[in-house]
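Visitor: Hey, can you walk me through this one? I'm new to reading structures.

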Amino acid sequence: MVEHLRQKHPKLGITAKDLKCVKLAGLCHDLGHGPFSHIFDNEFMPAARPGQKWTHGWCNIIVEILLYIPKMEPETEQASEQMLEYLVKDNPDVRRLITDEEVRDEGSRMTHVFALHILTVVAFQLQFIKDLIHGEPRGDYPQSKKLYLFEIVANKRNSVDVDKFDYIQRDCHNVGLKSSVDAGRLLMASRVIDNEICYHEKDAMNLYELFHTRFSLFNRIYTHKVSKAIEYMVVDILLAADKYFKISQSVDNMEDYCQITDCLLREIERSKVPELEKARKILQRIRKRDLYRLADMVRFPLPRAPEKFRNEVITAQTIVEHQFEGDGLRESDVIVEWLRLNYAMGPRNPVDSISFFSKWESSKKFHIKRENISTLIPETFEETVLRVYTRDDRKRKQVQAAFRRLIAEVNQNDMLSQELGGTMEAGGGYESDAEDSIKLSQEDPPHDEEEERAFSTPENKANARCNLFATPNGSPHTPTRTPTRTPTGTPGRIKRSPMLEPSAATLPDYYPSRKRSRQE
C-alpha cells in the first residue's frame, strides 16, 4: 500500500526510509503475541495475573529488543544495556535492518560503546516504527507529520488497514469461506487527501463487505462454540502449569518470554512430574474429544452488556445458586462468556469514519451516509451474546436448568428488565432443543379432514399411497423431505411425512416388485 501511495503520489514525499519502516512495522506488529495468540492475551493473562494489564500491544517492547533499540529514558538504561548485551551476542546482524549504510559502516569500525551512541542517531526512526505499530505518533520527529502513514498498519481512525486485509483473506482461504472482499481494489484505488487515506466512492459497499466478512469470521469461525470450548481447556491447562513453568512471569523478562511457545502442550504431554498431572488430564480430554460443552446461550437485548450484569447479575456463582436441589453444581463447573461481536469499532459504524472521493473531484474528501449506500445495511453494529459452558458434560442439563431459572428471574425483575430495555430468551441449549425436536419428529404431522378420510380405511390408505407417487399429468413424483421446527424456532430434525413413506411391512402388498411397478 505504501509503495502504491509513493508511486501514485510523489508529492507526498514518501522516502525510502519511510517505506522500510512501514514494512518493518507490518512484519513486527504481532511479535508480542504469546503462545496461542489471543488466548494468551485475552484469557490466560487476566486469569493468571488479574492486576497485570497485558495485551499483545506490548510487542513494542519486543520490537525494541529485536531491532536493537536503545531506550532513551534514564531509568531503563541499565535494562537496555543488559538486553543489548544478550541480543548482540545472540543476533549480531539484526541491527542492519534499521540502520543506514553509512551509520552501519561507521559503527562497525568503532567500539561497542561508540556504536551504541551512533545508533541513538536513528532513535527517532526506531520510534517511528513503534508508533506505526501503535497507530499514531507519540513524539516529534520528521515522519510524525505524515499522519496517513500511521493508518497503514494499525488504523485507529476507521480500522481499515493492511492487517485486516491480510488476515481476512488468509483465514477465508484457509477455512474455505468464500469472500467477495477485493482488498487489491481498495489498495489500488486509495489516495491521500488532507493527510488522510481516502477511498473511491464506488468502493463504499466493498468496505461494508470487508467489515461484514470480519464479523462473519468472528461469528462463525473464531468464536465457534467448539473452538471456544477448546480455548477454555487450553487456558485451564496453562493455568495448571503456570506455577511449574512460570508462564505468566515470563512477560517480565523478554529473554524468557521468547522461549514460551505453543510447544508447551507437548512438554506437558511428555512430562511425568506430579505438578503437571492436572494439566495432563485436561490435555488428554482434548485428545479424546471429551470437551467442555456449551450448555445454553442468550442474545442480549442491548448491544453491550452493562458492567452490573457481567460482574453481579449473571456470573458462575449466581448460576450455581439457582440450581435444583441435588444437582451438585459447583462454581468451577460453570464458565460464563460475554461475547461481543461488532464491525471492529464497537457500536459505531466504521464506514462513517472513512473519507471518500469521487471521480470528478478527486482532491476533495467527503463522507457517505449509510442510507445513501444501501437500505439493507444494518442500523446496529454490535451485539452481545451470553454463553454458558460446563466443564463436565454430565452436568450440562443441570447447568442449563440453573441458567434458565436465573434468566427467568432476571426477566421478572422490573428494575433489571427496564435497564435491559427488554427480556432475554434462552435458546441454543441444544440438549433440550434436541429432545423437543425428537419428540416432534416422532409425532404424525397434522392432516386436514380430506387427508384424514383418505387414511380412514386400509383400502383408502393404499389408494392414497399409490396416488401420491404421480402428479396430475401422470409424471413420476419424488417424495420430498420437510424440516420440522423446534419450539425456539430453529430448524429441527429432517423427517419424511408418513404419507410419503410406506412401512416395510405393507409395501409388498401395494408393490409386489420393483419390476412390476415400472411396467405399470
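Guide: Sure, let's begin at Ser159, which is buried with a relative accessible area of 9%. Buried means under 20% relative accessible area, exposed means over 50%, and partly exposed is in between (1.4 Å probe, protein chains only).

Visitor: And where is the place of Ser159?

Guide: Ser159 is in the loop between α8 (123–134) and α9. Helices (H or I, at least four residues) and strands (E, at least two) are DSSP runs, numbered from the N terminus. Ser159 also has a positive phi of about 70°, although it is not a glycine.

Visitor: Why bring up the sign of phi?

Guide: Because most residues other than glycine have a negative phi. Ala344 is another residue with a positive value, near 85°. Ala344 lies in the loop between β4 and β5, and with a relative accessible area of 25% it is partly exposed.

Visitor: Hang on, what kind of model is this?

Guide: It's a predicted model, where local features need pLDDT of at least 70 and side-chain atom pairs count only at pLDDT 80 or more, while totals for chains, interfaces and linings use all residues. Residues are numbered from 1 along each chain as its sequence is written, and side-chain values use heavy atoms, leaving out hydrogens and water.

Visitor: OK, big picture: how many helices and strands?

Guide: The protein chain has 24 helices and nine strands. Of its 520 residues, 42% count as buried. Among contacts (heavy atoms within 4.5 Å) between residues at least 6 apart in sequence, 70% join residues at least 24 apart.

Visitor: Could you pick one helix? How many residues does α11 have?

Guide: Helix α11 covers residues 204–222, so 19 residues, and it reaches 26 Å from its first C-alpha to its last. That is close to the 27 Å expected at 1.5 Å a residue, where the expected span is 1.5 Å times one less than the number of residues.

Visitor: Which residues in α11 are buried?

Guide: Among them are Leu207, Tyr208, Leu210, Phe211 and Phe215. The buried residues of α11 pack against α9 (162–175), α10 (183–188), β2 (196–200), β4 (334–342), β5 (356–357) and β6.

Visitor: Switching topic: how many salt bridges does the count come to?

Guide: The count comes to 33 salt bridges. A salt bridge here is a side-chain nitrogen of Lys or Arg within 4 Å of a carboxyl oxygen of Asp or Glu. Lys23 and Glu3 form one, with their closest N and O atoms 2.9 Å apart. That pair links distant parts of the chain, 20 residues apart: Lys23 is in helix α2 (residues 16–28) and Glu3 in helix α1 (residues 2–8).

Visitor: Are Lys23 and Glu3 buried or exposed?

Guide: In between: Lys23 is partly exposed at 43% relative accessibility, and Glu3 is partly exposed at 37%.

Visitor: Which pair has a buried partner, then?

Guide: Glu382 and Arg304 form a salt bridge, with the closest N and O atoms 3.2 Å apart. Glu382 lies in strand β6 (residues 382–390) and Arg304 in the loop between β3 (293–299) and α16 (307–313), so the pair ties together parts 78 residues apart in sequence. Glu382 is buried at 5%, whereas Arg304 is partly exposed at 37%.

Visitor: What about Lys145 and Asp140?

Guide: Their side chains meet in a salt bridge at 2.9 Å, N to O. Lys145 and Asp140 are exposed.

Visitor: Which residues are linked in a network?

Guide: Glu43, Lys228, Glu231, Glu337 and Arg387 are linked in a network of salt bridges.
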